[in-house]
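Work through the exercises below with the sequence and the structure at hand. Try each task before reading its solution.

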Amino acid sequence: MIDLHSHSIFSDGTDTPEAMALAADACGLTALALTDHDTLAGLDRFMAQQPRVAALLVPGIELSCRFMGRALHMLGLFLRHADPLLATRVESMRIRRLERNQIMVRRLRDRGVAITWEELALEAPTDLISRTHFARVLVRNGAAGSPEDAFRRLIGDDSPCYVPFPELRPSEASAWIREAGGVAVVAHPGRGFPRGFRWDQAMLDLKTQGVQGFEAYYPDYGPLEQRYFLQLAGDLDLVPSGGSDYHGGNKPGQNLGVGRGGLHVPDDLLGRLSALATPARP
Ligand code: AMP
Ligand code: MN
Ligand code: MN
Ligand code: MN
């Protein structure tokens, strides 16, 4: 069993990279990828644990993109995470996110919702602030009854105080990933897009933009959806991937490896994905 999608305190998870690396063995994983949103900051600490861990630790990222007017997430797996060009590119995401966050705080406050920049900074364990941290502050301040309520009424993708960032095109994200030796994989297709969205057509377009695979295994998928995406990957000659999208305490009940219990990403995908990576020449 492998898990190629997870988050630490360096984006919107609650576990340290070290704890996650060690948990890979405890959970019986053959491989675990750390894929924090728009940052490489946790990867040195994660990869430093490799000598202590039997599971293969995979350096990754989850980049925020826009595609057909909606938010699309792109995973980069097997990155050369110390690559200087990648670092510069990802730094531009930090700035875009910071500006986006400042606009969101203003929008919320303009609507009379209680939230301050200082509260957000205190809420986030590292300097990356995500909507997950917005939701926690909104709940604490009584502006929302639960994180779900905060996303539904205020900060979700179709809510008034959401500000989309950062207009990264899928072609750009896949170039950033592949030029750093990694493999470009669309995260959780089927999420955040309208029902009936033509993923067969969209994935063909994304393939021309450099995408090499997509998640066919994801905790939210039912058996039919999983089967659909596995079939689509075969039809389009793209590699299926998958993972738990673990966020620690920020997504309770969504566990490493098994997701909500029924997830099982088969080991043989690891070799197919890593064969597409271009590691640094020794
Ligand atoms: P951001 O990257 O700051 O825009 O925040 C996006 C993160 O918020 C996602 O990675 C999820 O972890 C979380 N998120 C987005 N939509 C929802 C939702 N409807 N319910 C709970 N969490 C969500
Ligand atoms: Mn997240
Ligand atoms: Mn995502
Ligand atoms: Mn994720």
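**Exercise 1. The nonpolar cores**

Task: In this predicted model, find how many residues the largest nonpolar core has, and which residues have the most contacts inside it.

Solution.
Step 1. The largest nonpolar core has 67 residues.
Step 2. Trp199 and Met203 are the residues with the most contacts inside this core.
Step 3. Take methionine 203 and leave aside its neighbours within four places in sequence. The contacts of methionine 203 are then Val186, Pro189, Phe214, Leu232, Leu236 and Leu238.
Step 4. There is also a second, separate core, with 18 residues. Val113, Val137, Leu138 and Ala150 are among them.

**Exercise 2. One alanine in a helix**

Task: Is alanine 202 buried or exposed? Which residues is alanine 202 in contact with, leaving aside its neighbours within four places in sequence?

Solution.
Step 1. Locate the residue: alanine 202 belongs to helix 8.
Step 2. Residues count as buried under 20% relative accessible area. Alanine 202 has a relative accessibility of 3%, so alanine 202 is buried.
Step 3. Beyond its neighbours within four places in sequence, alanine 202 is in contact with Phe67 and Phe197.
Step 4. For a distance along and across the chain, take serine 92: 110 residues separate it from alanine 202 in sequence, and the two C-alpha atoms are 27 Å apart.

**Exercise 3. The manganese ions**

Task: Which residues coordinate the manganese ion (ligand 3), and which are the protein donors of the manganese ion (ligand 2)?

Solution.
Step 1. For the manganese ion (ligand 3), the coordinating residues are Glu62 (OE), His73 (ND1) and His188 (NE2), at 2.1 to 2.2 Å. Along the chain, these donors have the spacing E-x10-H-x114-H.
Step 2. Place two of these donors in the chain: histidine 73 is in strand 5 (residues 70-77), and histidine 188 is in the loop between strand 6 (183-186) and helix 8 (199-208). The pair is 115 residues apart and links distant parts of the chain.
Step 3. Histidine 188 is at 12% relative accessibility, so histidine 188 counts as buried.
Step 4. For the manganese ion (ligand 2), the protein donors are Asp12 (OD), His37 (NE2) and His247 (NE2), which lie 2.1 to 2.2 Å from the ion. Their spacing along the chain is D-x24-H-x209-H.
Step 5. Histidine 37 is in the loop between strand 2 and helix 2 (43-47), while histidine 247 is in the loop between strand 8 (239-242) and helix 10 (268-274). The two histidines therefore tie together parts that are 210 residues apart in sequence.
Step 6. Histidine 37 has a relative accessible area of 10% and is buried. Histidine 247, at 3% relative accessibility, is also buried.
Step 7. The manganese ion (ligand 2) and the manganese ion (ligand 3) are 5.7 Å apart.

**Exercise 4. A parallel sheet**

Task: In what order do the three strands of the open sheet stand, and which strands are at the edges?

Solution.
Step 1. The order of the strands is 1-2-3, and the pairing is parallel.
Step 2. Strand 1 (2-3) and strand 3 (56-59) are the edge strands, since each pairs on one side only.
Step 3. Strand 1 pairs with strand 2 over two bridges. Isoleucine 2 stands opposite alanine 31 of strand 2.
Step 4. Strand 2 (residues 31-34) is joined to strand 3 by four bridges. Leucine 32 has leucine 57 in strand 3 as its bridge partner.
Step 5. Look at the side chains of strand 2: Ala31 and Ala33 point one way, Leu32 and Leu34 point the other way, and all are buried.

**Exercise 5. Helix 3**

Task: How many residues does helix 3 (residues 84-110) have, and what distance does it reach from its first C-alpha to its last?

Solution.
Step 1. Helix 3 has 27 residues and reaches 40 Å, close to the 39 Å expected at 1.5 Å a residue.
Step 2. At its start, a side-chain oxygen of aspartate 83 comes to within 3.1 Å of the backbone nitrogen of leucine 85.
Step 3. After helix 3 comes glycine 112, with a positive phi near 85 degrees.
Step 4. The buried residues of helix 3 include Leu86, Val90, Met93 and Arg97. An α-helix has 3.6 residues a turn, so residues three or four places apart point the same way.
Step 5. Among the elements that cover the buried residues of helix 3 are strand 4 (61-67), helix 4 (117-123) and helix 7 (170-179).

Terms used. Residues are numbered from 1 along each chain as its sequence is written. Chains are lettered from A and ligands numbered from 1 in the order in which they are written. This is a predicted model: local features need pLDDT of at least 70, side-chain atom pairs count only at pLDDT 80 or more; totals for chains, interfaces and linings use all residues. Side-chain values use heavy atoms; hydrogens and water are left out. Donors are N, O and S atoms within 2.8 Å of the metal (3.2 Å for Na, K and Ca); water is not among the atoms, so sites may look incomplete. Buried means under 20% relative accessible area, exposed over 50%, partly exposed in between (1.4 Å probe, protein chains only). Two strands pair if DSSP finds at least two bridges between them. The expected span of a helix is 1.5 Å times one less than its number of residues. Contact means heavy atoms within 4.5 Å. A polar contact is a pair of N or O atoms within 3.5 Å; within protein, one must be able to donate a hydrogen and the other to accept it, and residues adjacent in sequence count only if both atoms are side-chain atoms. A nonpolar core is a set of buried Ala, Val, Leu, Ile, Met, Phe, Trp, Tyr and Cys residues joined through side-chain atoms within 4.5 Å.
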